[in-house]
Each structure stands twice: as C-alpha cells, then as structure tokens.
Amino acid sequence: MSDDTMLTELMLTLEAARINCGYTLVEAAKKFNIHRDTLWKYEQDSTRVSRTFMLRVYEVYGIPKEQIFFGKKSEFFRIRNKMSAS
C-alpha cells in the first residue's frame, strides 16, 4: 500500500489534532512534558518520534491512531493535494 492510499481525508497532522482539541502549543507541550519548541518540531516532522510519544498523543488528544498522520507536515499536504487533484 502506498503512502498516498494510506492517507485518508479524515487524517490530521499533529498540529491540526492539537488545534482541534483547543490546546495552544504551550498547553499541549506541558501535557507531554516537553518544551514547546520540541513539540513545534514534532508538528513539522514527526517521522522519528518515539512510540511512547505516539501513544501519549492518542491519549492526550483523544483521537484514534488511524486518524493522526506521523511524518513530515509538508509530505501530508503534498499527498493531500495530489489526492484532491485526482
């Protein structure tokens, strides 16, 4: 299965998941016990976050794992735009 077929219209970036939950960057970083700059970096590129962090994301944001995109934010939008053009 290609990355393109794995990305559904229901998926959210980490940033979108945070915003949809109503958290600021600072508030969410506190919940994860990390610095806001670290969370911002993860929101830009989450390809190498730990499994522990991933599990915590599902818990804190209350969003099913199938709906959160872990990877480069720019790649998410490249795939999304490609899907929209088809």
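Against which helices do the buried residues of α5 pack? They pack against α2, α3 and α4. The model described here is predicted. Its chain has 6 helices and 0 strands, and the order of elements along the sequence is α-α-α-α-α-α. The points below begin with the overall fold, continue with the helix contacts and the aromatic residues, and end with the backbone.

**Overall fold**

- Of the 86 residues in the chain, 34% are buried.
- Among contacts between residues at least 6 apart in sequence, 66% join residues at least 24 apart.

**Helix α5 and its buried residues**

- Helix α5 covers residues 51–61.
- The buried residues of this helix are F53, M54, V57, Y58, V60 and Y61.
- Several of these buried residues appear again below: F53, V57, V60 and Y61 are among the α5 residues that meet α3, while M54, V57 and Y58 are among the contacts of F70.

**Contact of α3 with α4**

- Two packed helices are described by the angle between their axes and the distance between the axes.
- Helix α3 comprises residues 25–32 and helix α4 comprises residues 36–44; their axes come within 8 Å and cross at roughly 100 degrees.
- Angles of 65 to 115 degrees count as roughly perpendicular, and α3 and α4 are therefore roughly perpendicular to each other.
- On the α3 side, the residues in this contact are L25, V26, A28, A29 and F32; on the α4 side, they are R36, L39, W40 and E43.
- Sorted by class, the contact of α3 with α4 contains 7 nonpolar, no polar and 2 charged residues.

**Contact of α3 with α5**

- The axes of α3 and α5 come within 10 Å, and their crossing angle is roughly 120 degrees.
- This angle falls outside the range of 65 to 115 degrees for roughly perpendicular helices and is not over 145, the limit for roughly antiparallel ones; α3 and α5 are therefore oblique to each other.
- The crossing of these two helices is right-handed.
- From α3, the residues A28, K31 and F32 take part; from α5, their partners are F53, R56, V57, V60 and Y61.
- By class, the contact of α3 with α5 has 6 nonpolar, no polar and 2 charged residues.
- A28 and F32 belong to the α3 residues that meet α4, and both are also listed among the α3 residues that meet α5.

**Aromatic rings**

- A pair of aromatic rings is described by the distance of the centres and the angle of the planes.
- A search of the whole structure finds 7 aromatic pairs.
- One cluster, linked by ring pairs, contains Y23, F32, Y42, F53 and Y61.

**Y23, in the loop between α2 and α3**

- Y23 is located in the loop that joins α2 (14–20) to α3.
- Y23 has a relative accessible area of 23% and is partly exposed.
- Y23 and Y61 are 38 residues apart along the chain, and their C-alpha atoms are separated by 9.2 Å.
- Leaving aside neighbours within four places in sequence, Y23 is in contact with R18, A28, K31, V60 and Y61.

**F70 and F77**

- F70 lies in the loop between α5 and α6.
- Buried means under 20% relative accessible area; F70 has a value of 18% and is therefore buried.
- Apart from neighbours within four places in sequence, the contacts of F70 are L14, S46, V49, M54, V57 and Y58.
- F70 and E43 are separated by 27 residues in sequence and by 8.8 Å in space, C-alpha to C-alpha.
- F77 belongs to helix α6, which covers residues 73–85.
- With 40% relative accessibility, F77 counts as partly exposed.
- F77 and T13 are 64 residues apart in sequence, and the distance between them is 9.3 Å, C-alpha to C-alpha.

**Backbone**

- Most residues other than glycine have a negative phi.
- N33 is not a glycine, yet N33 has a positive phi of about 60 degrees.
- N33 is found in the loop between α3 and α4, and N33 is exposed, with a relative accessible area of 71%.
- G62, just after α5, takes a positive phi of about 65 degrees.

Conventions
Residues numbered from 1 in each chain as written. Predicted model: local features only at pLDDT ≥ 70, side-chain atom pairs only at ≥ 80, totals over all residues. Heavy atoms only, no water. Axes fitted to C-alpha atoms, helices over the stretch in contact; angles between N-to-C directions. Helix = DSSP H or I, 4+ residues; strand = E, 2+ residues; numbered from the N terminus. Parallel < 35°, antiparallel > 145°, perpendicular 65-115°, else oblique. Contact = heavy atoms within 4.5 Å. Nonpolar A, V, L, I, M, F, W, Y, C, P; charged D, E, K, R; others polar. Left-handed = near helix turned anticlockwise from the far one by under 90°. Phe/Tyr/Trp six-rings, centres within 6.5 Å; stacked < 30°, edge-to-face > 60°. Buried < 20%, exposed > 50% of the residue type's maximum accessible area, 1.4 Å probe, protein only.
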